[in-house]
Amino acid sequence: MSARKFIVALTADFYDSTGHTKYQDIGLSVLAEHPHIEHRVFKVHRKQIGSDQVGDAQGVIVLTPAVTAESVAKADDLLVMARFGVGYDAVDVRACTAANILVTITVGAVDRPVAEATIGWMIALSHNVRVKDKLVRTGQWDERSKHMGRELRDRTLGVIGFGGIARKTIELLRAFGMKQPLAFDPFVNAESAAIHGVRLVGLEELLKEADFVSIHCPLTPQTRGLIGAPELALMKPDAYLLNTARGGIVDEDALYNALKHHRIVGAALDCFAQEPVITPHRFGEFENVLLAPHSIAWTDEMFRDMGRAACQVMVDLSLGKQPRGVLNPEVFARPEFQNKWKRFKQAQ
């Protein structure tokens, strides 16, 4: 008996109200090369995926909705929830595992764009780009000497989390003549860090020594509120904090107070404790703060690469291969998953 069609569903937020994709390329060409795969789109966008939306799909590619236990409660044919990105705090991985469903992320696809965005922000902060732009727009040319910048040369970057994004950031920064970068990551050993020219240190030492503290770790119970008032107090008064990870990692009240009282010189924030931000945010009061709506690294190339990675997960599973980026690989060992998977494997 031949395998059934492999059905891939995409969450509705990839598309606008007219049914067109919001983005130039989300990798669907990868699926188009395989006639045994069909893709469809959820009819409506919800904050969390409903079990009725999953239906008979074998894979769901998820942009922003949450994945809960209810999402997978009736997903008898579902093999994988594929996050379009690398953050998975909105996915109940435990519930998916209990339901014999894989959870994947698009490993490596965001490393370059987030690294470029981080460096862009470092330069923009240290050269007072926002303030100098305003001087011209408001006709305050003669105020320019009051806003001298600083180069990246001879400064120290400290990264919290030493995964692919942090490593790519450090790689791209090598041409700037910075000092040896520091990293805090309890899941990385000193030898691995040293291979990349990085000194592995404790969080306290990193905060005390770094001129730029850049957050690149996932939001977990262990990292929630990791940077609060005591940690900010350790930073140099002329140091910057950058967060392109998740808002919950930083205590926003503590950061607001640190900026208001000039305990650090500036910050750049791409993510917030409560998203979306639909009214003017209080951090907008500060001229030494750069803000973005959790999209500072969004590029056409990033969405193309994330899409290709997520679609390749579907292709691999449909062909009986274990895909990249699986967060709960123990599911593969379960007979319930194997029996379900067998029904949809394409004969090769």
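Is Met306 buried or exposed, given its relative accessibility? In this predicted model, Met306 has a relative accessibility of 3% and therefore counts as buried, the threshold for that class being under 20%. The residue is placed in helix H11, which spans residues 300-318, and its contacts, once neighbours within four places in sequence are set aside, are with Phe84, Gly85, Thr106, Ala109 and Val110. Between the C-alpha atoms of Met306 and Leu152, which stand 154 residues apart along the chain, there is a separation of 30 Å.

The contact between Met306 and Val110 is also found from the side of Val110, whose partners beyond four places in sequence are Val86, Ile165, Met302 and Met306. Val110 is located in the loop that connects strand E5 (102-104) with H4, and its relative accessibility of 4% falls under the 20% limit, so that this loop residue, too, counts as buried. The C-alpha atom of Val110 lies 29 Å from that of Asp238, a residue 128 positions away along the chain.

Helix H4 itself covers residues 111-126 and includes Ser126. With a relative accessible area of 2%, Ser126 is buried; apart from residues within four places in sequence, Ser126 is in contact with Gly149, Arg150, Leu152, Phe212 and Tyr240. Among these partners, Tyr240 belongs to strand E10, which comprises residues 240-243, and a contact of helix H4 with the sheet described next is thereby identified.

That sheet is open and consists of seven strands in the order E8-E7-E6-E9-E10-E11-E12, with parallel pairing. Its edges are formed by strand E8 (199-200) and strand E12 (289-291), each of which pairs on one side only. Strand E10 runs parallel to E11 and is joined to it by four bridges, with Ala268 of E11 serving as the bridge partner of Leu242. On the other side, E11 and E12 are paired in the parallel sense over three bridges, and Ala267 has Val289 in E12 as its bridge partner.

The side chains of a regular strand alternate between the two faces of the sheet. In strand E11 (residues 266-269), Gly266 and Ala268 point one way, whereas Ala267 and Leu269 point the other way, and all of these residues are buried.

At the level of the whole chain, the protein contains twelve helices and twelve strands. The radius of gyration is 22 Å, which agrees with the value near 20 Å that a compact globule of 348 residues would have, and the C-alpha atoms fill a box of roughly 75 × 50 × 35 Å along the principal axes. Buried residues account for 51% of the 348 residues. Of the contacts between residues at least 6 apart in sequence, 65% join residues at least 24 apart.

The accessible surface amounts to about 17200 Å², and carbon and sulfur atoms contribute 52% of this area. The charged side chains comprise 41 positive and 41 negative groups, and the centres of the two sets are found 1 Å apart.

Key
Residues numbered from 1 in each chain as written. Predicted model: local features only at pLDDT ≥ 70, side-chain atom pairs only at ≥ 80, totals over all residues. Heavy atoms only, no water. Helix = DSSP H or I, 4+ residues; strand = E, 2+ residues; numbered from the N terminus. Rg over C-alpha atoms; globule rule 2.2 N^0.38 Å. Buried < 20%, exposed > 50% of the residue type's maximum accessible area, 1.4 Å probe, protein only. Contact = heavy atoms within 4.5 Å. Areas by Shrake-Rupley, 256 points an atom, 1.4 Å probe, with all protein chains shown as cover. Lys, Arg positive; Asp, Glu negative; His and termini not counted. Charge placed at Lys NZ, Arg CZ, Asp CG, Glu CD. Pairing = 2+ DSSP bridges.
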